[in-house]
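Student: I'd like to go through this one by asking why each label is used. Can you set the values against the cut-offs for me?

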Amino acid sequence: MSTATSFRWLVVPDETAAEPSRDLVGGKAWSLWRMQSLGLKVPPAFVVTTDACAAYFADGGLPDGLADELVTGIRLLESRLGRTFGGSERPLLVSVRSGAAISMPGMMDTILDLGCNDEVEAALAAESGDPDFAAEVRRRFTGFYGRLVLGCTEDLEDLPDTASVRAAISADVDDTVPADPWEQLRAAVASVFQSSRSRRALAYRKHYGIPDDLGTAVTVQAMVFGNLDDDSGTGVLFTRNPVDGTREPYGEYLQRGQGEDVVSGRVTPKPLSDLEERWPTVHGELLEAAERLDREGRDAQDIEFTVQSGELFLLQSRPAKRTARAAVRIAVELVDEGVLDPAEALTRVTADQIRSLLRPEIAAGAADNAEVLVAGVAASPGVATGVVVDTPEAAQANPGCILVRKSTSPDDVHGMIAAAAVVTEQGGATSHAAVVSRALDTPCVVGCGADTVESLVGRTVTVDATTGRVYAGELPTSAVDESEDEDLRRLTEWAESATPLRVGTDVAVEPVFDADTLPAEDLGEQLPAIPAGTKTLRGAVFCAPDGVRAALDAGVDAIVTNHRLPVLLAAIAHQRRTS
Amino acid sequence: MLDFYELTVHTLTLRQLGSAEQLAEINALPVADVEAALEKAVADGAVMAARGNFMITPAGREFLDGVYPRAFAGIRSDDAVTAAMDDFETGVNKQVLALTTDWQTVEVDGARVSNDHADADYDAKIIEKLGRVQEKTQKILAPLIEADPLVERFLDRIGAALTRAEGGETDYVSGVRVDSAHTVWFQMHEHILRLTGRERPE
């Protein structure tokens with residue numbers, strides 16, 4: 001294995017060499033290094049450095065010697081995997097990714113499956129025994145190349161085959177995907193460099209005062225195939241349960257699968273136990289790697305992996321998506337494991353997550369005999385009871401009512417702000433009513449059907465926007481409280497000692513400013529102005545994150561609310577940003 | 001075209017409650033013109049004033065209903081505009097709503113839950129896609145941009161919101177209390193529906 005120093009424009013990850021600087025190789029390659037230095041197996045890769053990018057702009061083209069070094073770099077990957085780039089037998093395909101020290105919009109992200117042409121597609125079909133797979137690889141590569149290198153702006157993802165993708169590209173940009181894999185590679189590297197000076201990247205840097213000469217590195221990494229044989233497959237692993245946060249590995253595995261199979265939903269993956277039965281050694285190796293990445297990352301990880309002929313490769317490890325419930329459990333658990341201190345744990349949970357956990361629910365059994373008036377799509381969860389009105393003006397005049405509309409538009413937003421819940425006749429989960437209600441954290445049910453407005457207006461109803469039902473009358477709700485949940489109780493305790501803002505039901509000191517007593521016309525799209533000298537704030541609008549920020553900026557000492565933790569977390573987040 | 005008085009009253013259908021400065025930000029008129037228009041509109045009963053903020057009245061809406069057919073007769077009879085609106089409604093508008101939903105919610109193990117914005121890659125991809133849709137919209141709405149310069153201004157403001165969101169000001173994707181990409185997109189949608197005399201499809 002070559003060492004990093006023998007190249008002018010490339011760096012090759014080498015477990016014995018010192019970690020390169022992030023500025024030279026970019027964030028993505030740096031994390032590959034990290035995985036490799038933990039002794040974990042990642043598909044072989046090399047990096048074209050940011051120095052090469054600077055030279056590209058100085059020379060107006062790929063710098064002298066880079067084309068030769070790309071050949072040398074690819075030869076290294078070939079020898080590691082026993083494959084040939086552009087080969088007619090056991091072909092090597094690569095991914096090409098940009099990697100700046102700071103990621104920027106408008107920069108090229110990733111081209112997968114580069115190195116594909118007629119011969120390579122045939123060789124892949126022969127090797128995998130699956131011509132459809134080979135055709136799919138080719139189609140996807142053609143789309144990536146067309147969009148990212150050739151600058152095609154048409155939607156290529158939904159086209160059925162390579163021929164139609166090629167046709168769409170040439171109709172749009174009058175250019176074609178080259179057949180020569182080496183030409184593909186050189187053009188892709190140049191395009192990644194070029195993208196660091198795209199219009200959007202330039203605008204972004206200007207807005208944030210980032211220097212313009214900050215280029216990008218390019219990571220070239222071998223693709224591995226999970227669909228090679230029965231001893232191959234692909235999967236994902238969460239180091240902790242993403243739904244409830246329990247500390248147990250959790251994931252899916254698809255034998256003979258390729259990464260995109262799982263994503264496309266073409267095939268239903270099996271639970272990880274399937275891998276455990278077939279390949280206990282690989283499963284054991286995977287769990288050991290997961291444990292290291294969880295510990296090293298100091299957070300729950302979402303790990304992508306591929307098994308190729310019994311050999312485990314890790315493709316990516318990053319903080320896992322999680323529900324609000326899981327975020328709370330994981331943050332507290334990491335403190336108990338000695339990984340985080342309480343102050344850091346508070347940064348892992350957002351005010352919005354806690355708000356969603358503390359939403360009231362319809363009391364157990366209360367809905368059983370209730371009359372369902374209408375039902376639709378649950379678009380923004382929560383429960384609210386109130387009198388139904390049918391205009392935004394009426395909603396403003398009766399804060400806390402239920403606004404029911406055929407559909408909503410920007411004209412209705414001030415009414416939606418005043419209402420306790422929003423119900424519409426038309427529209428689905430992406431309608432204006434749904435999007436705005438989620439932004440406001442207001443319960444919302446959409447698509448309840450014709451005549452909903454007429455049948456509900458003037459009645460008192462209970463909207464259950466978690467199940468999408470609207471019930472007649474007022475149903476009892478069960479209020480959730482921080483003190484009833486051990487994890488929330490501990491987080492609240494930590495949060496109280498992390499901010500001087502006092503939050504609770506009995507914290508008021510004069511003078512008090514109560515937003516809930518304001519006249520309707522003052523509750524618009526802006527927060528109400530806080531009078532100078534105010535010590536205590538009341539009112540729901542000051543318990544949301546933007547209200548808390550305004551309160552702190554106005555020098556307020558206390559906020560009165562039943563739910564302390566979301567307010568405390570918003571205050572801590574604001575302190576962190578402004579200090 | 002609308003004169004500055006008509007345009008100011010019209011702007012209050014895009015933003016229901018606003019100050020003269022906020023309305024000028026949308027319609028690109030000098031603030032002094034907006035203030036003069038608002039003063040006249042309040043006297044006419046077309047607009048209500050409430051502590052520096054303004055709202056359109058039912059009489060104001062009736063006034064606009066009388067103005068639009070004359071002001072936009074050319075746009076409404078232009079086949080290229082009609083085709084552009086059809087493309088807009090069936091294409092990019094649906095994409096923006098779906099992307100905004102993807103921004104607000106993520107799928108965790110089959111269930112859609114609020115996006116806590118912990119996954120910077122996920123967020124960056126959505127903003128990137130919104131940026132591409134915004135660029136595509138520029139092409140699709142070309143006939144409207146030619147007919148009315150405000151349309152391009154909306155697209156510029158959406159681009160500015162996306163740039164702020166890219167820098168971590170996440171409210172600028174779908175926040176209601178700021179000129180987020182979604183807020184401005186909906187203003188633009190309402191504006192072009194009124195230009196063309198169409199109903200909002202749901």
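Tutor: Sure. Keep in mind that this is a predicted model. Let's start with the sheet in chain A: eight strands form an open sheet in the order 14-21-20-16-17-18-19-15, with mixed pairing.

Student: What makes strand 14 and strand 15 of chain A stand at the edges?

Tutor: Strand 14 (372-375) and strand 15 (377-380) of chain A each have a single partner strand, so one side of each is left without a neighbour in the sheet. As for twist, neighbouring strands here are turned by 30° against each other on average, direction ignored.

Student: How do you know that strand 14 and strand 21 of chain A pair?

Tutor: Two strands pair if at least two bridges are found between them. Strand 14 and strand 21 (residues 469-472) of chain A have three bridges, in the antiparallel sense, so they count as paired. In that pairing, A:A375 stands opposite A:R469 in strand 21 of chain A.

Student: Which strands does helix 17 of chain A lie across?

Tutor: Helix 17 (residues 432-440) of chain A lies across strand 15, strand 18 (421-424) and strand 19 (444-446) of chain A, and runs at about 170° to strand 19.

Student: Which residues does the UniProt domain annotation cover?

Tutor: The unreviewed UniProt entry puts "domain: PEP-utilising enzyme mobile" on residues 398-468 of chain A. That span is 28% helix and 23% strand, and its end C-alpha atoms lie 23 Å apart.

Student: On to charges. Why is the contact between A:D118 and A:R138 called a salt bridge?

Tutor: The cut-off is 4 Å between the side-chain nitrogen and the carboxyl oxygen. A:D118 and A:R138 have an N to O distance of 3.1 Å, so the pair qualifies. The two residues are 20 residues apart, with A:D118 in helix 4 (residues 118-128) and A:R138 in helix 5 (residues 131-148) of chain A. The whole structure has 43 salt bridges over all chains.

Student: Why does A:D118 count as exposed, and is A:R138 buried or exposed?

Tutor: Exposed means over 50% relative accessible area and buried means under 20%. A:D118 has 53%, so it counts as exposed. A:R138 has 9%, so A:R138 counts as buried.

Student: What makes A:R247 and A:E291 a salt bridge, and why are both called partly exposed?

Tutor: Their N to O distance is 3.0 Å, which is within 4 Å. The pair links distant parts of the chain, 44 residues apart: A:R247 sits in the loop between strand 8 (233-238) and strand 9 (250-255), and A:E291 in helix 11 (residues 280-297) of chain A. A:R247 has a relative accessible area of 29% and A:E291 has 38%; partly exposed is the range between 20% and 50%, so both fit.

Student: Which residues do shared partners join into one network?

Tutor: Salt bridges that share partners join A:R240, A:R247, A:E291, A:D294, A:R295 and A:E337.

Student: Last, the rings. Why is the pair B:F88 and B:W185 called stacked?

Tutor: Ring centres must lie within 6.5 Å to pair, and planes under 30 degrees apart count as stacked. B:F88 and B:W185 have 5.3 Å centre to centre and 15° between the planes, so both tests are met. B:F88 is in helix 6 (residues 79-90) and B:W185 in helix 12 (residues 181-196) of chain B, 97 residues apart. Both residues are buried.

How values were computed
Residues are numbered from 1 along each chain as its sequence is written. Chains are lettered from A and ligands numbered from 1 in the order in which they are written. This is a predicted model: local features need pLDDT of at least 70, side-chain atom pairs count only at pLDDT 80 or more; totals for chains, interfaces and linings use all residues. Side-chain values use heavy atoms; hydrogens and water are left out. Helices (H or I, at least four residues) and strands (E, at least two) are DSSP runs, numbered from the N terminus. Axes are lines fitted to C-alpha atoms, for helices over the stretch in contact, and angles run from 0 to 180 degrees between N-to-C directions. Contact means heavy atoms within 4.5 Å. Buried means under 20% relative accessible area, exposed over 50%, partly exposed in between (1.4 Å probe, protein chains only). UniProt positions are given in the numbering used here, feature names are shortened, and annotations may be inferred rather than shown by experiment. Rings of Phe, Tyr and Trp (its six-membered ring) pair if their centres lie within 6.5 Å; planes under 30 degrees apart count as stacked, over 60 as edge-to-face and the rest as tilted.
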